[in-house]
Amino acid sequence: MIEMRVAGIALDAITRSPIVLLKDASDRRALPIYIGQEQARAIAGAIESQKPPRPLTHDLIVNILETWNLTLEKVIIHSLQKDTFYAALVVKQGETTKEIDSRPSDAIAIALRTNTPIWVMEEVIADASIPVDRDADEAEQQAFREFVSNLRPEDLIKRFGNGES
């Protein structure tokens, strides 16, 4: 899994649909997730630390967690099926940990309100992320190609042995 952070909310240029954009720590990969208008408002409100006069749904969930001494340990965006992302809230009470199914947008809105880390499975990132820093990606690929082209079989034997027991 890779920890990601919310980079912001954007609008798709063609459909004008809101997108929450997650980025990895190195700012090399971004994961765009299409969300609804209400979820976009909830996430934007959390980013801007807005406090509504009365608790909205995500605030209510945070209040329930706090009242029952539950800790949101992490949010995991664990799969992508037919263009739909799936997430889970990992909630802990004492020694008991439970995973609760959630839409990614709701999980992100709650995570932002509780300063909880957001994790994404590597296969989801491989399937749906977009490169942010193409130059760094190309430099990394070129360094790997050079490493492999200079690799000799005897280097592997020295490092890993000849496989005989």
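A residue is called buried when its relative accessible area is under 20%, exposed when that area is over 50%, and partly exposed in between. The exercises below concern a predicted model.

**Exercise 1. Determine whether Met1 is buried, partly exposed or exposed, and describe its surroundings.**

*Solution.*
Step 1. Met1 lies in the segment before strand β1, which covers residues 2-11.
Step 2. The relative accessible area of Met1 is 38%, so Met1 is partly exposed.
Step 3. When residues up to four places away in sequence are not counted, Met1 touches Lys74, Ile76, Trp119, Val120, Met121 and Glu122.
Step 4. The C-alpha atoms of Met1 and Ile125 are separated by 9.1 Å, although these residues are 124 residues apart along the chain.

**Exercise 2. Determine whether Thr116 is buried or exposed, and find which residues are in contact with Thr116.**

*Solution.*
Step 1. Thr116 belongs to the loop between α3 (104-114) and β7 (118-120).
Step 2. With a relative accessible area of 8%, Thr116 falls under the 20% limit and is therefore buried.
Step 3. Apart from neighbours within four places in sequence, the residues in contact with Thr116 are Leu72, Glu73, Lys74, Val75 and Ala111.
Step 4. For Leu72 there is a further detail: its backbone oxygen lies 3.2 Å from a polar atom of the Thr116 side chain.

**Exercise 3. State in which order the eight strands form the sheet, and identify the edge strands.**

*Solution.*
Step 1. The sheet is open, its pairing is mixed, and the order is β6-β5-β4-β7-β1-β2-β3-β8.
Step 2. The edge strands, each pairing on one side only, are β6 (96-102) and β8 (130-131).
Step 3. Strand β8 pairs with β3 (residues 29-34) in the antiparallel sense, over two bridges.
Step 4. Within this region, Arg29 stands opposite Pro131 of β8.

**Exercise 4. Identify which residues of helices α1 and α3 are buried.**

*Solution.*
Step 1. In α1 (residues 37-47), the buried residues are Gln39, Ala40, Ala42, Ile43, Gly45 and Ala46.
Step 2. Their cover includes β1, β2 (18-24), α2 (57-67) and α3.
Step 3. Helix α3 is mostly covered, with eight of its 11 residues buried. These are Pro104, Ser105, Asp106, Ala107, Ile108, Ala109, Ile110 and Ala111.
Step 4. A positive phi of about 55° occurs at Ser49, just after α1. Asn115, just after α3, takes a positive phi of about 55°.

**Exercise 5. State how many salt bridges the model contains, and examine three pairs, beginning with Arg5 and Asp27.**

*Solution.*
Step 1. Side chains of opposite charge can pair when their charged atoms come close. The criterion is a side-chain nitrogen of Lys or Arg within 4 Å of a carboxyl oxygen of Asp or Glu. The count is five salt bridges.
Step 2. Arg5 and Asp27 form a salt bridge whose closest N and O atoms are 2.3 Å apart. This pair links distant parts of the chain, with Arg5 in strand β1 and Asp27 in the loop between β2 and β3, 22 residues apart. Arg5 is partly exposed at 37%, and Asp27 is partly exposed at 31%.
Step 3. For Arg41 and Glu38, the closest N and O atoms are 2.4 Å apart. Because they are three residues apart in helix α1, about one helical turn separates them. Both Arg41 and Glu38 are exposed.
Step 4. Lys92 and Glu73 meet at 3.9 Å, N to O. Lys92 lies in strand β5 (residues 84-93) and Glu73 in strand β4 (residues 71-81), so this pair ties together parts that are 19 residues apart in sequence.

Notes:
Residues numbered from 1 in each chain as written. Predicted model: local features only at pLDDT ≥ 70, side-chain atom pairs only at ≥ 80, totals over all residues. Heavy atoms only, no water. Helix = DSSP H or I, 4+ residues; strand = E, 2+ residues; numbered from the N terminus. Buried < 20%, exposed > 50% of the residue type's maximum accessible area, 1.4 Å probe, protein only. Polar contact = N/O pair within 3.5 Å; in protein donor to acceptor, adjacent residues only side chain to side chain. Contact = heavy atoms within 4.5 Å. Pairing = 2+ DSSP bridges.
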